[in-house]
Structures are given as C-alpha cells and as structure tokens.
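These are my notebook entries on a structure that I went through entry by entry. I wrote down the cut-offs beside each term as I came to it.

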Amino acid sequence: MTYNYSFEIAATIIMFLLLFTHLINPNFEMAKSRAFFFFLIAGICESILNVLSSWGLVNTHIVSSDANNIICFLFFLAEAATSLLFFRYVTILCEPARKKRVLYAQLAIVPCALFLLILFTNDIFHLLYKIEDNVYSQGKLAWYGYAYIGLYILASFAVSITAKRTIRGRNRYAVLLAASISLIGVLIQYNIKNVLLTGFANAIILSLFYIFIQNPNELHDKATGISNNRALYLRFENGLNIEKPMRVLLFDLHQSSQLNVMYGYRIGNSVLSEIGAFFAETVGSSNAFRVSDSVFAAILKSDKEVERVRLLAEERFSKTWDIDNIQIGVPLKMACIKYPEDVLTTKDFYGLEVFVKQLLRKDSMTTYLDISPEIKKQYIRLSEVDVALKKALEDKSLEVYFQPIFSVKENHFNSLEALARMFDKELGFVPPDEFISRAEYSGLIIPLDLMILDKTCDFIEKKILPNNERLKIESVHINISALQCLQPNMDKAILDIIDRHKVPREMIILEITERAAVTAAEIMERHMRNLKNCGIRFALDDYGTGNSNCSYLIDYPFDKVKFDKSMVWAYFKSKTGKIILDGEMKTIHNLNIPIVAEGVETAEQIDAMNLLNVDSIQGYFYSKPLPGDELLDFLFRQDITTT
Ligand code: C2E
Ligand code: CA
Ligand code: CA
C-alpha cells in the first residue's frame, strides 16, 4: 500500500507553529495552558510517528522489521496519549466540581489502561497489529484503536453537554465542534486507510482551541501592550497555590484618565504605551499588568524586589514622558498588598485593592501606602459591614426610626424624618454613616432607599393616618441617594410604593443632597419635575456641607432647605461660622424657601434658631430618632402637654 502523507506533514507544521506561539506568550491559566500544551505535544508526536511508521513500512529496504515494530509501538502510544489528553483538556474547560473531576479522571483511565494492556502485550498476542518479515497486518482487536478514540470523543460530548452551567458559552461550542471534527476524522480514516488524516484532524482541533480558548489576546491590554486585569486575576489565583509569598505593587496614576481629554487620544495612548513598556521592562512582561484605566500592578516575589521597583518607579515618574516634544508629567502613587500577610483569596485582594485606591486618592499627601494593621482592621470592618448589609436587605431586617421635626410657626411637631437603622446579630448596631456609604459604593443603596420608603409608607398607612386628627403630621421626609436619581425608572418606583400604601402624595418629602444634583444633573431634574407634578415634594439636604451654592435652588424645584448640623454647630463655634449661616439663611429666606435647622441640641441653640427665623427645627433637643411605636408615644405625650 502507498500512503499519502501530505495532510499529515501540513498538520505537523501547523502544530509546531501553534507550539511556538503558545510558548512565547505568557500563560496565566496554568491548568488549562498545561493541558493544552501536553495535548499539543502528544498531537505532534502522533503525527510525526504516523508519517514515520507508514513510510518505514513502505521502505522496508531502509527500515528494519525491528525498527518498524518500535516505531509502530510508539505511534500507538502517542495515539493513546492524544485521545486521553484531548479528553482531559475538555474536562478542565468544563470546570466540574472536585468530586466530578476525580470521577472523570478515574473513568477516563479505563479505556486507556485497556489499550495499553493490549499494546504492551502485542508482542505476544498480536491483538493490535503484527509485523512479520517487515510486513504489517492488523490484529483481531485493531478496531479497538478506532473505538478507543471514539469513546473519548463521545465522553467529551457528554461532559460538555452536562456541564452546561460551568463551561463558558464559547468554550462549549468549541468543544462540540472539535469533538465533531474528530469523529468525522476517525470515520474517514477508518474507511480510507491510505490517506493519513488523524494528525490533520488534531491540527484543526488544536487550532480551534487555540483561537477560541487559548487566545492570548484576551489577556492583553491593547493600549499598553501589557497583560490586562483578567490576566492579573488568573495569575493571582494560580499563585495562591504555588507562589508564596506574592507582593502586588499597585501603581495609581489617577491623573492619567485625564490624558486623553487634555492631549487627545493619540498622545494619551502613546503616554500609556510608554508607561506600559516601562513597567514591562522593570518587572518583566509576565509580571506587569494594567488593572484598570489608571491603575497598573506588578506581581513581585519579595519585599526587597518591591523596594527596588518602587525606587525605580519613583525615579522614572519624577521625570516627564516626552511625546512629540510635549513633556507630560504623570503623578504616581503606590501601595503594596502582600499575600499571605494581607489577603488570602483573590476576592479579598480585589476588595482591598479598591479600598487602598480610595485611601490613596483621599489623601493628596500620601504617595506610598503600606498596609498597616490599622488599615487592615478598617478593611475587615468594611467587609463585615458589606456582608451584614447584604443580609439585612435580603431578610428585610433594616429598621426605620423617625425623628420628629418641630414647626416653629405651628408650634408643634408637624413632620418626621425617616432614618435607616441596622442591627446585626454579630456586629450589633452599625451607624448609618458606615453602612450608607458602603451601600452607595456597592449600589445596594437603591434597594435600601426603596425598602425604607416602603416601610415608612407602611408606618404612615397603619399608624399615622388613622391617628392624624390628633397627631397633625403634615409630611414625612425620606432620604434618597444620588445613585437612586440616576435610575431611569426612579420616579415610577417611588410613586408605586407610595400609592400602594394609599399614602397621600403631598405627605412625602424626598431629601436629596446637592451631591445628587452634581452627579445626576439632567436626569434628576426630569425625575424631580415628574414627581413634583404628581404631588411629591423635595428638600435639599445637608445644605452647607459641600461647595454649596444656591444655584441648585434656582435650577431645581426644592420646597425646603435643610441646614446641615455642622453648619448649625459652626454658628456657635466661630465668628466666621456665624457670619456664613446668617448670610446663607437670609438668601434662602429671600428666595422664599422654608428652612429646617438640623442638629439642634440645646435651649441656647433653639433660641438662636428662633431669632434667625428658621421655619422648623430638628434635633436631639426635642428627640433622637425613635422606633415607630416610641415616636407615637412621644407625639401623643406632646399632644397632652400642649392641649
Ligand atoms: P442626614 O440625612 O443628615 O440625617 C440627619 C442625621 O443627623 C441623622 O443621623 C440624625 O440622627 C442626626 N441628628 C439629628 N439631630 C441631631 C442632633 O441634635 N445631634 C446629633 N449629633 N445628630 C443629630 P443618622 O440617623 O445617623 O443618619 C446619618 C446619615 O445617614 C443621614 O444624614 C443620611 O444621610 C444617611 N441616611 C440615613 N438613613 C438613610 C436612608 O434611608 N437612605 C439614605 N440614602 N440615607 C440615609
Ligand atoms: Ca436627611
Ligand atoms: Ca445632614
């Protein structure tokens, strides 16, 4: 028989090229990369041995019978390995649970063990093949060679179909396609024996896996040419098991996000690409990463290395980056997160990374941050608050307290402010300033605000409205965060809740800080006008804390202004504080907007606020925020004393 080797030779060349590109790119998904590498090596060996064995059996005048026997033996060995390693690669892609992984490995070994038994005893029983007088003939179990490959193909189909939830969409298609190609290859080869095709099928499958799954571009940051955040994630995750210790040096180039705005995209990208090249050169290309737009990172092995890189980076960033004769300065801040000292998991690492970044950006004087025990403690507390908050929202255990607001003109408490309270089994009482800022950070503030609104409306419906002839509560204030105002359906969500509890819309006053007006200017104005048309009112909260100016009062339809407690307190502390509050209050009076003074604690403060002509007063002088029932008792008691 004469053989046609051309497909097999082409396949070998393709596989060598794949091997080359696979080796020159940094690999971060260790288990997957390793499995791919071994499958590729087995594929190459199988192809070469396939050509050699067929050529040897034709050219018997050059290759001896013994040599042909050995080559055939090695070919079958490579074939056994290729199928097994193909299946192993597929099971890794499917990311099964540990128990399943062990089961797959055990089951996979059975057909292979049987094949090896037949192969290693072939010299005695000749079940697979026989070479007699340098002539090749098939043994009784030669079909098993094909069935063996088929078994692994079917198993791959089965595993990738059953692992629907753990295998990434694209990977699943790649596996199904690869298994189909392999199956077709085996069937053709079984029928057309003189054209060598197995290697060709392997080359197609390996190329498919390379393009779809191993593709190094997925882990590359295009702008800088270094590895991206996913690569860092994988590298860190892998490092947890094998690299101890790891130091991640973070480089925060906060201002670099402005580069494109200031110099245009072309120059902005050139600076980034130079910065990327600097990091790659300083720490090695497989250790340098771009984590986000303006944060880079290096994974290093020791504190000594950290010190070295830190000094080099400080030195480089003290100079400018020169692009097209423009000298561009990029300020640098750094922090180092240590494994295992500071974090034990990848999730922890990313949590701490965000926290560290916030700390760096908050303080303009800090240029290098070492994670001190104090910082770690703060971070652990934040994580605990995050967990507790999530739980509280899930089981709706957040409570609402109400603080009465005294109307000077009407001489009684005519409104309330609803304030969220969190009591956690483990952490005890968590102050709102702590959990509200976390909720704003994680986006949980959106369900939180709505839940507080819902509970407040429930309280109004069940406890206030039935008694309101006596209580005379005209309005209830509810805090709404800036983030809420960005929600496209914010107005509808709020109206739904109020209407569901049959609360008169005029009773609701939403408190919004000026921060919301800055963050969500346009959309907020739209929501406000929509809601106002439906009868809802608004108060500008925390007046005097930000870079407050009354332009918000002109642009947005606010019905009340709440002076923040810090401003009220400043009035009694310093002359400047007095002058400012005086002036601001006059302006707002002139705009004809009612004023609420917050944080009033003493009789002296009450007198001063009365002199200043504020409309309403809220503070500990009258009452702290109280649970609903206690608030009712408080209001009823007032009723008795005033009548
Ligand atoms: P805020 O909106 O400025 O609420 C007034 C805060 O001042 C409340 O703090 C209240 O207990 C406190 N306060 C009132 N009178 C006095 C006083 O005389 N002396 C002192 N020292 N404090 C007084 P609280 O309840 O701790 O809430 C803190 C902040 O958390 C609130 O400040 C508000 O911004 C936020 N918050 C509370 N509940 C919610 C909510 O449901 N949603 C949103 N988005 N934010 C909320
Ligand atoms: Ca408020
Ligand atoms: Ca306030």
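I began by fixing the burial classes: buried means under 20% relative accessible area, exposed means over 50%, and partly exposed lies in between, with a 1.4 Å probe and protein chains only. I noted that this is a predicted model, in which local features need pLDDT of at least 70 and side-chain atom pairs count only at pLDDT 80 or more, while totals for chains, interfaces and linings use all residues. I also noted that residues are numbered from 1 along each chain as its sequence is written, that chains are lettered from A and ligands numbered from 1 in the order in which they are written, and that side-chain values use heavy atoms, with hydrogens and water left out.

Entry on the calcium ion (ligand 3). I looked up its coordination and found D542 (OD), D564 (OD) and E598, the last listed with OE twice, at 2.2 to 3.1 Å; donors here are N, O and S atoms within 2.8 Å of the metal (3.2 Å for Na, K and Ca), and sites may look incomplete because water is not among the atoms. Along the chain these donors follow the spacing D-x21-D-x33-E. The pair D542 and E598 links distant parts of the chain, 56 residues apart, with D542 in strand β15 (residues 537-543) and E598 in the loop between β17 (595-597) and α25 (603-611); helices (H or I, at least four residues) and strands (E, at least two) are DSSP runs, numbered from the N terminus. E598 counts as buried because its relative accessibility is 9%, whereas D542, at 25%, counts as partly exposed.

Entry on the calcium ion (ligand 2). I recorded its protein donors as E417 (OE), N479 (OD1), E511 (OE) and D541 (OD), which lie 2.1 to 2.4 Å from the ion, and their spacing in sequence as E-x61-N-x31-E-x29-D. E417 in strand β11 (residues 412-424) and E511 in strand β14 (residues 508-513) are 94 residues apart and link distant parts of the chain; both E417 and E511 are buried. I then checked the distance between the two ions, ligand 2 and ligand 3, and it came to 5.3 Å.

Entry on G169. I found G169 in helix α7 (residues 169-191), and it counts as partly exposed because its relative accessible area is 40%. The C-alpha atoms of G169 and C45 are separated by 31 Å, and the two residues are 124 residues apart along the chain.

Entry on R88. I placed R88 in helix α3 (residues 65-93), where its relative accessibility of 45% makes R88 partly exposed.
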